[in-house]
Structure formats: C-alpha cells, structure tokens
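Ready for a few short exercises? Take a look at the structure below, try each task yourself, and then follow the worked solution.

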Amino acid sequence: GTSVLQVTATDADDPTYGNSARVVYSILQGQPYFSVDPKTGVIRTALHNMDREAREHYSVVIQAKDMAGQVGGLSGSTTVNITLTDVNDNPPRFPQKHYQLYVPESAQVGSAVGKIKANDADTGSNADMKYTIINGDGSGVFSISTDKETREGIISLKKPLNYEKKKSYTLNIEGANTHLDFRFSHLGPFKDVTMLKIIVGDVDEPPLFTMPSYVMEVYENAKIGTAIGTVTAQDPDTANSLVRYFIDHNTEEDRYFTIDANTGTIKTAKIFDREETPWYNITVTASEIDNPELVSHVQVGVRILDVNDNPPELAREYDVFVCENAKPGQVIQTITATDKDNSANGARFHFSLDEGLSLNPNFTLRDNEDNTASILTRRRRYSRTTQDTYYLPVLISDGGMPPLSSSSTLTIRVCACEKDGRVRTCHAEAFLSSAGLSTGALIAILLCVVILLAIVVLFITLRRSKKEPLIISEEDVRENVVTYDDEGGGEEDTEAFDITALRNPSAAEELKYRRDVRPEVKPVLRHHASSSLDSIDVQEFIKQRLAEADLDPSVPPYDSLQTYAYEGRRSEAGSISSLDSATTHSDQDYNYLGDWGPEFKKLAELYGEIESERTT
C-alpha cells in the first residue's frame, strides 16, 4: 500500500459528451508487486517487505481507457520503471568462522601481513563496517585497520615475531556496520565475529646482541691491549650457530680498538688523550659462522676517563702595571688559572710565590681561595728611571691526585699614572718571560733601515744633479748669482766685498733669448751711469729692479722669481740672547706651570727642584 507514483492520462474528446472522456486505469504488467488505483492512477506496492537484495528493478505497464472502460472505448499505455532503494537491513557476515594466516618471523614491524573481509548484501554507506580485535593472545602483537575502498580488514605487525619463543597467535576479529537503521534493529545485531589463527614461520635470522647498545669506560693512561669490555651476541635460531665478532676500521675512531673474534672482548690499540677526544663511538658486527651473510650491528660508546696529567696554567697573558705613586698593599692585578683536566682533577687551584727565591721586596701574592690570586705592592713609590720592569714568578698547583704544578713569570711595568689611577704613559708592554724578538726579526729590521737610508741618499743625490739651463748664454738675463766664502761683518760692512758684483748691470744690457719663450716685443735696453750705481743703496737698487721688471714688455708672460740678499738695516734693540744671563738668578715664580695640565707636569717638577735647590 505504499504510494510509489501517480500517472495521468488525458483525452481530447469533449468531456460533456457522455462517458467518452472518462478514463479508467489498469495494470497490465507488474503484478503481484504493484497495483494502480483505477480512478486516480496512483501506483502502490502490493507486497509487504519487498527485498532489494532479491530483486531491485521492476517494469510496470499501466493502461488508461476512456468511456469508463466499457467495450468500444479507446486506450493508451505507458511503462513505469521502478527501482528499490537500499536500506541497512542486512548485517555483515564472514564467509568462514575460522581463518588461518602464515607470517614469517622476519616480517618487519609496521608491515601488513594479511587481509580479511566480511560480506554485506547492502550497498553504499549501509555496507560500511569497521574491524576490531576483540580478544586473543595476539592482540598486543597485531593490529587491524579498515580499508574504506575495499571494506577489507588489514592486519599489521606491531611487535617483532620470534619463532623460537612463540610459534602461533589467535585473534578474534569482529566486523560491524557503522551506519545503523533502528527500524530494522529487530533483524538482529549488525555485526559478525570470526577467529584468525596466525602461524609464525621459522626463518634463519642473524645473530642477536644481548643489549641494543653498549657503554664502556677506560682511563686515558691505559696501556695498549687493555680490555675495556665485552659484547655478546647469539644465534636466535634453534641451530644456535657460533658467532664471530669484528670491527670495521672504516673511521679513525675504530682504529683505536680491537676485538677478539671469538669472545667479543674489546681492547685498546692506541694511547688516548681525554683532553683531545673524550668519547669514541665504534660499531661492532656479529655474523654466524655457518652463514656469514647474516650479520647484525651494535653501537659501542667508549668514555675516556680523566687522569691528572696536565698542570694548571694562567688563564691568559696578563698586562700587569704598577703606578709610580702606588701605595703598599695595593692590589694591582687579579689572576686566574685554567686546567685541561676535568673538575675532579684540578678544580681547586693554589697560588704562591716561588719558595726557592728570596723574599721579593717589591711585590707579594695573596691566594683568594676561589681559584684566583691578587698581586699586591710591598713598598711605596716606584720610579721608571730607576727600574721600569719587574718580574714576578708565580707557582700554581692543582688539587688532583697526584697534584701537579707549574710556574709562570709575570712581567710588571712601571707606569706614570694620574691621581685617579689612569695610566698616562708606559715604556713597554707586559709579556711572560718567554716573550722577545728572534735574531731573524732583528736582522730583517736592520736590513729595512739600511735600504731606507740608501733610498734617501739616492734621492738627495738626484736632487743636487745640475739640470740643463733654459738660457742660451751662460749668464741669466735676470741676475747673476755670485758665490763667495768671505764672512763679512754685517750689512753695514761694505769693505769686505765688492757690492758692484751683485749689481752687474752690464749683464742685463745684453740681448738674451730663452729657449722656451719667443718674445713678441723687442726688449728695451737699460743703461745706467756707473757713478749712480756705485753710490746707490742696496734697498734702493732692489726697488729699481722691481719697477723695471714690472714695466719691461720683454719679460716672460708668466711669474718669475728674482732673489736678492738684503736683510734690512741693523736693529737698534741690541741682542736678546739669553747666553749672557746664565750666571744671573731670576726671581721668576714657576708654580703656575703646575696649572697648565699633565703635559707641563715634568717641566713644573724640574723648575720646582731648581727653586728648592736655590732655597736650600
């Protein structure tokens, strides 16, 4: 009685003409599954609980006849194709209640080892299901997942198999629908269970080490051939074949060790230095004697233990200085030490002065008992002029067993400092006593100095070489330079030499041409009476020459330099030399030099000492 579809037929005849337009519906094909209402044309199901899984498609033929179906009426028919849709009315079912699966013990963890599937007559989402392992001794070793495309259960390995320990497992697997229709819950549970027995296959396996990794220890002073530990591997198969061990010396670390092929005992092959390499990682390989191709590997870590074999030393090179105005007991430097050994062999350092030397009158050392020491002064005031460098041997020992010690020498410079302790100047840098220049370095410096002096001499020689003159004649058109070695009595002493030699007016009267200049105007000759030249003053003579040079159109078009030796008249002030005042005493007060700053401090000290001596 469920309505499926309504069909409608139309008649072109006049509906008012008797029953000619009255249509009656009937079913010609599709019984007994469907029926049709003769008046309305509604198609309904005729059977209860139709089963899609038995038959899904139906073809129903409906006839429509006018004149109310009487004899002589006309009819028409149509075909209606009906498809039953699916509902989840069928639970999943395993084809078998018992299954058996073979899995070799060499199967990798995480790999799929088998499949299982339950059948469901429904389609689409009504056939979706989920597989689970509900119990069994293999639930911790195997897992199952569902393939949504094929609706299969995929069995995977969770843990490695060992045929020698367990040869079979049993799993109870359940397959259940995920989309339930509660209208059909009365048809029973929509799930099914089957049992799966897994047989573990025996495989010839490689040797198995007793531990996944090994850690061994050895002291760094161990002799070659010292045994540091043993690795052990066994054949897991029932044959229990003998095992051999070896180390692939592919890396430098592997070459520090050897292994006994029969016992697996690892021994040292070289001397160790923990400060250089504190840890070694090697790989040990085990193989069966009967089947050498079956091998297994294990990592072995070797820790090198420390022994106290390195003496302590200063943490760095210290630049130590002391001020000239230092006071007794003043800390001038704090030093620390370092040790290449670990904290168990030298974490505590002890500082002291070398007891084999006499008591140092200048400096002392104080151990701060925190792995540091302080250098202190023992007297007042130090002088760079007396001694600008001091050497202080320091003895450092560690707390290891046995204790080790070393000696280092500090170089202490004497420096001039300000009142606030800032260094103003020092003579040398502070180094350890072993510092210095080698003989090769001194020779190289001396050679550079010689080469530099040779270059300077060569340069001076070239500068003094005489160049070719630009004037055609032997005399300069401007003036002659006369050289003489007679030292006169001054500007007013005209008897020691002939002043007319400087003037030489005849030289300027001759016509001379320069090689680099072509004069455009004919030069004007200058004539002067000898009587006026003899009586003219040198200063007046220079002024005349200057005026002639400015007005002469024949001179070169560029600037020229004309030099005359005229120093001026004698000074009326007399001598200002201080040579004659050395025997006299000055009442000048030089205390103001102390206010001029640190640059004049030394000058103030010198004049201050002179004043104090005069007072004394």
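## Exercise 1: Two positive phi angles

Glu 369 sits in the loop that runs between β27 (363-367) and β28 (372-377). Keep in mind throughout that you are working with a predicted model.

**Task.** Find the sign of phi for Glu 369, and decide whether Glu 369 is buried or exposed. Then do the phi and accessibility steps for Asn 371.

**Solution.**
- Step 1: Phi of Glu 369 is positive, about 60°, although Glu 369 is not a glycine.
- Step 2: The relative accessibility of Glu 369 is 62%. The cut-off for exposed is over 50%, so Glu 369 counts as exposed.
- Step 3: Asn 371 lies in the loop between β27 and β28. Its phi is near 65°, a positive value in a residue other than glycine.
- Step 4: At 24% relative accessibility, Asn 371 counts as partly exposed.

## Exercise 2: A loop aspartate

**Task.** Locate Asp 306, classify it as buried or exposed, and work out which side chain it contacts.

**Solution.**
- Step 1: Look in the loop between β22 (295-305) and β23 (313-314); Asp 306 is there.
- Step 2: Its relative accessible area is 8%. Buried means under 20%, so Asp 306 is buried.
- Step 3: The side chain of Asp 306 makes a polar contact of 3.0 Å with the side chain of Arg 274.

## Exercise 3: The sides of a helix

**Task.** Check the length of helix α5 (residues 538-551) against what is expected, then sort some of its residues into buried and exposed.

**Solution.**
- Step 1: Helix α5 has 14 residues, and at 1.5 Å a residue they should span 20 Å. The C-alpha atoms at its ends are 20 Å apart, so the two values agree.
- Step 2: Phe 541, Arg 545 and Glu 548 are the buried residues to note in α5. They cover an arc of only 65° around the axis, so they lie on the same side of α5.
- Step 3: Leu 546, Asp 550 and Leu 551 are exposed, on the other side of α5.

## Exercise 4: A cis peptide bond

**Task.** What kind of peptide bond joins Gln 31 and Pro 32, and where is Pro 32 placed?

**Solution.**
- Step 1: Omega between Gln 31 and Pro 32 is about 5°, and the bond is cis.
- Step 2: Pro 32 belongs to the loop between β2 (24-29) and β3 (34-36).

Definitions and conventions:
Residues numbered from 1 in each chain as written. Predicted model: local features only at pLDDT ≥ 70, side-chain atom pairs only at ≥ 80, totals over all residues. Heavy atoms only, no water. Helix = DSSP H or I, 4+ residues; strand = E, 2+ residues; numbered from the N terminus. Buried < 20%, exposed > 50% of the residue type's maximum accessible area, 1.4 Å probe, protein only. Polar contact = N/O pair within 3.5 Å; in protein donor to acceptor, adjacent residues only side chain to side chain. Expected span 1.5 Å × (residues − 1). Arc of directions from axis to C-beta.
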